Amino acid sequence: MTEIATQPAGRVADVQTFRHFIAGEWCESTSGATFESRNPADDRDVIGRFQQGTAADVAMAVRAAGTAQPMWQRTPAPKRGEILYAFGALMAQHKERLARAMTREMGKVLAEARGDVQEGIDIAFLMAGEGRRMAGETVPSELPDKWAMSIRQPLGIAGVITPWNFPVAIPCWKMMPALVTGNTVVFKPSSDTPHCATLLVELLAEAGFPPGVVNLVTGTGSEVGNAIVDNPDVAVVSFTGSSATGTGIAERAGRRLKRLSLELGGKNGVVVLADADLDLATDGILWSAFGTTGQRCTACSRVIVEQAVLDPLVQRLEARTRELRLGSGLDPDVDVGPLINAAALDKVVSYVDIGRTEGELIVGGGRALDHHLATGHFYQPTIFSGVKPMDRIGQEEIFGPVLSVIPVADYGSAVLALNQTRYGLSSSIFTQDVNRAFRAMRDFETGIVYVNAGTTGAETHLPFGGWKGTGNGHREAGHVALDTYTEWKSIYVDFSGRLQRAQIDNQPG
Ligand code: UN1
């Protein structure tokens, strides 16, 4: 939760104020104002004050990125890769510190926070290697004594606008491919996780990225985010967040014909067929639905189950959900942390009200207000059964610990229900039947499909992204992520010493 720090709370004396990072210097905003970041598990815990950035700050950051860019582009890509490698190694060295800071600032349990940092390390090392690959193509020319090849070149300045739910991994997904390909970066993190972003940028600076190559500006989306998207010198913007914000960014970026990579909502489904291993399915569903308190783009929010196994599956889900322990993610006995802020909690409360009119409440359905939870944004993991595919809780992204169970007659209706959504990020099927598994791999309209595993847990060396309303066709992670941050240049070298006309001189007539 964030607010302007004009009304300082509780333990203000020892609260540190953090700064922007522009042109290699830590500096204050032109606004002179700051905002606070607080622990979602305990609203009294103020993590720090952060600069309330302005359009003028963004303009300064873009100028710094522009000044540094030609030198960075001329640095040999393998040398750029070495700095990425050093950054990955630093993250590994500071993994525990980063993970603990993350749990305190955004609530996910420590094991998951470590996983988030590890995902950042993985993409840093993967992209460090791209410094020695970044392959184009060398192909034969249709004419004699002529050479034909394609190379990648950076776009220039990349605007990186990131969410709070993966406050280390997602900035790394975006910055690592941008940097290794020779772009410089202006980074605006979510106002719910500015501390994680600051710690990350400290390590980027320590790793040896030259001044101006990475710049950090904190503040609101409407001021800082829009200033980045609108700046004509920012050639590419990568955004992960809500569909509503992404649509607004697409309109602004579209007016400037700007390269834009969007990673937006999801309504990810797990299909459970009658022949599934129900214990395994239960494990996969619970981990995907309530891990990160349901606050992943890839979280499972729909279970589409063949009627024949509806009851035994729901019984298992209910029993196991009742065992989940809520609390601070720093407590090793806790399974489920808080929601990110009061607005997220309100959203879950209102969707559970809708759910009561659409399905049958199986478990949960209330705020968790035990004495140690009352100062945090906790909500009980909640399951509705008997949900129909087109119900609101079966269609709309809730981004919290709310799971809808949708019974269907057979595989055909399961596929229809699964695909009947405006989103298309992740999906999964539990079955022992290899033929059905392969049909699902063909039929499911999502960018990621899992067989006999939940909907989360994508690895960094494969493309990550969604079909339909989840995005705009770009992918993060994997070597395809380079496409977002580079232009192709096709180069023809004629060494025949005479005019050779393609499509003409080598054709009869
Ligand atoms: C997200 O929620 O936007 O596959 C990212 C996963 C993680 C990444 C999730 N590796 O769930």
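**Exercise 1. How many salt bridges are there between domain 1 and domain 2? Locate the two domains and describe what joins them.**

Ground rules come before the steps. The model is predicted, so local features need pLDDT of at least 70 and side-chain atom pairs count only at pLDDT 80 or more, while totals for chains, interfaces and linings use all residues. Residues are numbered from 1 along each chain as its sequence is written, and side-chain values use heavy atoms, with hydrogens and water left out.

Solution.

Step 1. Set the bounds. Domain 1 covers 20–264 + 471–489, and domain 2 covers 268–451. These bounds come from an automatic or database domain assignment. The C-alpha centres of the two domains are 31 Å apart.

Step 2. Find the contacts. Domain 1 puts 23 residues in contact with 25 residues of domain 2 (heavy atoms within 4.5 Å). About 1,900 Å² is buried between them, with 60% from carbon and sulfur atoms. Buried area is the accessible area (1.4 Å probe) that two parts lose on being put together, summed over both.

Step 3. Count the polar links. The count is one salt bridge between the domains (a side-chain nitrogen of Lys or Arg within 4 Å of a carboxyl oxygen of Asp or Glu). Arg296 and Glu112 form a salt bridge, at 3.9 Å from N to O. Seven residue pairs are in polar contact across the interface, both residues at pLDDT 80 or more. Such a contact is a pair of N or O atoms within 3.5 Å; within protein, one must be able to donate a hydrogen and the other to accept it, and residues adjacent in sequence count only if both atoms are side-chain atoms.

**Exercise 2. Which residues are around the ligand, and which oxygen distances can be listed?**

Solution.

Step 1. List the surroundings. Glu119, Asn165, Phe166, Ile170, Trp173, Arg296, Cys297, Thr298, Thr456, Gly457, Ala458 and Phe464 are around the ligand (a heavy atom within 4 Å).

Step 2. Take the side chain. An N or O atom in the side chain of Arg296 is 2.8 Å from a ligand oxygen.

Step 3. Take the backbone. A polar backbone atom of Cys297 lies 2.7 Å from an oxygen atom of the ligand. For a backbone N or O atom of Ala458, the distance to a ligand oxygen is 2.7 Å.
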